[in-house]
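Welcome! Here are some exercises with worked solutions to help you find your way around a new structure. Try each task yourself before reading on.

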Amino acid sequence: MTAPVDVDVDLSGRLAVVTGATGGMGRVIAVELARRGASVVTIARDPGRGDSLYAEIADLPGRVEVIAGDLSSRAGLASATQAIRDRHQTVHLLVNNAGAHFPDRRLSVDGIELHLAVDYLPAYALMTLLTDQLHRGRARVVNVVSDTLRDTRQLKLPGPARPPVLRVDDLQDLTRLNPPDGFVPFQAYARAKLLTVMAGYQLAREWAPAGVTINAVHPGIVATSIIDDLIPPALRPFRSLIRRTMLTPEQGAAAALRLAIDPALDGVTGRYFVRETETPTPAISYETTAQTLLRTITDQFLHQPQLEDPRVRADAD
Ligand SMILES: NC(=O)c1ccc[n+]([C@@H]2O[C@H](COP(=O)([O-])OP(=O)(O)OC[C@H]3O[C@@H](n4cnc5c(N)ncnc54)[C@H](OP(=O)(O)O)[C@@H]3O)[C@@H](O)[C@H]2O)c1
């Protein structure tokens, strides 16, 4: 594998949490961090896929720890973050890389639209449920998002960009975002990524005095499994040809890796990058009222007592 980023840093003694490290760019990020000596923790819903990471990292200076957990559920997020808190006092790096695109509207086990459950909530939960660990590590947080948050058009013909629609009034209840009415999967995905950037902006401001930095990055169009679903059915026979026009996972991982480890980016926070270029995001993402509402509804949802789960109530009766 060609080194995706030419940054020579020693990460021995550093703890990195990387989500989505069982495949695609996350796997490259985890391996590159371990190559530089970091201990990498990942959360995998299929421990078998996590196991193969051990083999890949075995001969490198760093090591890997796989925690079993599904990031799309509150229970999975709670148990994975608890496991990290139990085992590690300090986190120096958090790369929220896990993500998915779904061809239709689905609900998570907790009742939110699934793009929100996979492409937004885990990033928010890992940042906020690991606050103490991140502060102790004066950590760098990198949120891997998608430039669909600026433009949801799949074909970028000349004309104005079409960001996902998001109004302040929409931020009343997480379960009502990405509703069935007028549902478009790509826009739902883009909205979830936009929320990740918004939440990151607010936390970046708040945590700057503690030395924690939070940035978001679009990696480019990269030939990984997430992209397969986005190729229109009529073009699927040409899939391998189309994939050849895209970045490799190594090339795609470079931008997130740079944000995670490049000493030249020390202290840089609250920014969004399209690969290596700092880029503005839609106006609503900078609105502090919207950011605060988002935080409130996300906390409400994330910390809702599990007793509201009907299965638990039935057990108690
Ligand atoms: N590829 C692109 O062109 C592109 C463009 C813009 C942004 N991105 C973003 O880049 C990031 C990395 O994606 P990729 O392209 O490398 O895709 P990928 O190869 O499909 O990898 C996605 C990773 O996320 C994990 N994941 C998904 N749902 C999960 C869940 N519920 N619990 C735990 N882990 C889960 C997957 O784990 P499993 O092994 O369990 O599936 C996998 O390791 C994503 O956030 C994506 O949105 C990608």
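**Exercise 1. The sheet and one of its edges**

How many bridges join strand β2 to β3, and in which sense do the two strands run?

Solution. Keep in mind throughout that this is a predicted model.

Step 1. Find β2 at residues 39–44; six bridges join β2 to β3, and the two run parallel.

Step 2. Pick out one facing pair: Thr 42 of β2 stands opposite Val 66 in β3.

Step 3. Look for the helix lying on this part of the sheet. Helix α3 (residues 74–87) packs there, touching β1 (15–18), β2 and β3. The direction of α3 makes about 140° with that of β3.

Step 4. Now step back to the whole sheet. It is an open sheet of eight strands with mixed pairing, in the order β3-β2-β1-β4-β5-β6-β7-β8. The edges are β3 (63–68) and β8 (277–278), each with a single partner strand, so one side of each has no neighbour in the sheet.

**Exercise 2. Strand β5 and its neighbours**

Describe how β5 is paired, and decide whether its residues are buried or exposed.

Solution.

Step 1. Start with β4 (residues 93–96), which pairs with β5 in the parallel sense over four bridges. Here Asn 96 stands opposite Asn 143 in β5.

Step 2. Turn to β6. Strand β5 (residues 140–144) pairs with β6, again in the parallel sense, over five bridges. Two facing pairs can be named: Val 142 has Asn 215 in β6 as its bridge partner, and Val 144 stands opposite Val 217.

Step 3. Follow the chain between these two strands. From β5 it crosses through helix α7 (residues 185–207) to β6, and this β-α-β crossover is right-handed.

Step 4. Check the two faces of β5. Arg 140, Val 142 and Val 144 lie on one side, Val 141 and Asn 143 on the other, and all are buried. That makes five buried residues out of five, and β5 is mostly covered.

**Exercise 3. Strand β6**

Why can strand β6 be called largely enclosed by the rest of the structure?

Solution.

Step 1. Sort the side chains by direction. Thr 213, Asn 215 and Val 217 point one way from β6, while Ile 214, Ala 216 and His 218 point the other way.

Step 2. Check burial: these residues are all buried. Because six of the six residues of β6 (residues 213–218) are buried, the strand is largely enclosed by the rest of the structure.

Step 3. Add the neighbour β7 (residues 271–274), joined to β6 by four bridges, with the strands running parallel. Val 217 has Phe 273 as its bridge partner in β7.

**Exercise 4. Two helices side by side**

At what angle do helices α1 and α2 pack, and which residues make the contact?

Solution.

Step 1. Locate α1 at residues 24–35 and α2 at residues 47–57; they pack at an angle of about 35°, with axes 10 Å apart. The crossing of α1 past α2 is right-handed.

Step 2. List the residues: α1 contributes Arg 27, Ala 30, Val 31 and Ala 34, and α2 contributes Leu 53, Glu 56 and Ile 57.

Step 3. Sort them by character: five are nonpolar, none is polar and two are charged.

**Exercise 5. A glycine with distant partners**

Which residues far along the sequence does Gly 24 touch?

Solution.

Step 1. Place Gly 24 in helix α1. Gly 24 counts as buried because it has 23 C-beta neighbours inside 10 Å, and the cut-off is 20 or more.

Step 2. Leave out residues up to four places away in sequence; Gly 24 then touches Thr 224, Ser 225, Ile 226 and Pro 249.

Step 3. Take one of these: Gly 24 and Thr 224 are 200 residues apart in sequence, yet 5.3 Å apart in space, C-alpha to C-alpha.

**Exercise 6. Positive phi angles**

Where does Arg 138 lie, and what is its phi?

Solution.

Step 1. Recall that most residues other than glycine have a negative phi.

Step 2. Arg 138 sits in the loop between α6 (131–136) and β5. Its phi is positive, about 40°, although Arg 138 is not a glycine.

Step 3. Try Arg 275 in the loop between β7 and β8. The phi of Arg 275 is also positive, near 50°, and Arg 275 counts as partly exposed, with 17 C-beta neighbours inside 10 Å.

How values were computed
Residues are numbered from 1 along each chain as its sequence is written. This is a predicted model: local features need pLDDT of at least 70, side-chain atom pairs count only at pLDDT 80 or more; totals for chains, interfaces and linings use all residues. A residue is buried if 20 or more other C-beta atoms lie within 10 Å of its own, exposed if 12 or fewer, and partly exposed in between; C-beta atoms are placed from the backbone. Two strands pair if DSSP finds at least two bridges between them. A crossover is right-handed if, with the strands pointing away from the viewer, the path from the first strand over the helix to the second runs clockwise. Axes are lines fitted to C-alpha atoms, for helices over the stretch in contact, and angles run from 0 to 180 degrees between N-to-C directions. A crossing is left-handed if the near helix is turned anticlockwise from the far one by less than a right angle, and right-handed if clockwise. Two residues are in contact if their C-beta atoms, placed from the backbone, lie within 7 Å. Ala, Val, Leu, Ile, Met, Phe, Trp, Tyr, Cys and Pro count as nonpolar, Asp, Glu, Lys and Arg as charged, and the others, Gly among them, as polar.
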